[in-house]
Amino acid sequence: MTANGQRIGYGTAGGAINNIVSSIQRIGEVLHLTKHHLCSCNEQALIISTSLNSSMRGTSYMFSMKQSLTHSWVVGTSSVRGAPVLVLDPWKNKFEVQPQ
């Protein structure tokens, strides 16, 4: 997403900078000063979950977006008993494999 210009920065600090710049760009869109904004953590998680579900069709994994009050991330669960849970957080640029 960084290479595509959809986000900037790496890790939690990069995510915070990304959201500040994105918010400023959204104001610019309202004022017709710009036509592009960086993706928020919610938009990043939606893009990732949609892309993974499309590209991993036919596998045992299904990816869904999870949200808290202030954050969004992606969780991949498998229909195979005992398969690990995959947690992807594009805003923090993190990937974790957790036991089921």
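Helices (H or I, at least four residues) and strands (E, at least two) are taken here as DSSP runs, numbered from the N terminus. With the whole chain selected and coloured by these elements, you can follow the pattern α-α-β-β-β-β along the sequence, which comprises two helices and four strands.

What you are viewing is a predicted model, in which local features need pLDDT of at least 70 and side-chain atom pairs count only at pLDDT 80 or more, while totals for chains, interfaces and linings use all residues. Residues are numbered from 1 along each chain as its sequence is written, and side-chain values use heavy atoms, with hydrogens and water left out.

Keep the whole chain in view for its overall extent: along the principal axes, the C-alpha atoms fill a box of roughly 50 × 25 × 25 Å. Of the 100 residues in the chain, 32% are buried, meaning under 20% relative accessible area with a 1.4 Å probe and protein chains only.

Next, select residues 41-55, which form helix α2, and place a distance between its end C-alpha atoms: they are 21 Å apart, in agreement with the 21 Å that its 15 residues should span at 1.5 Å a residue. That expected span is 1.5 Å times one less than the number of residues.

Within α2, now show the side chains of Cys-41, Gln-44, Ala-45, Ser-49 and Leu-52, which are buried. Because they cover an arc of only 125° around the axis, they lie on the same side of α2, the arc being that of the directions from the helix axis to the C-beta atoms.

Conventions. Buried means under 20% relative accessible area, exposed over 50%, partly exposed in between (1.4 Å probe, protein chains only).
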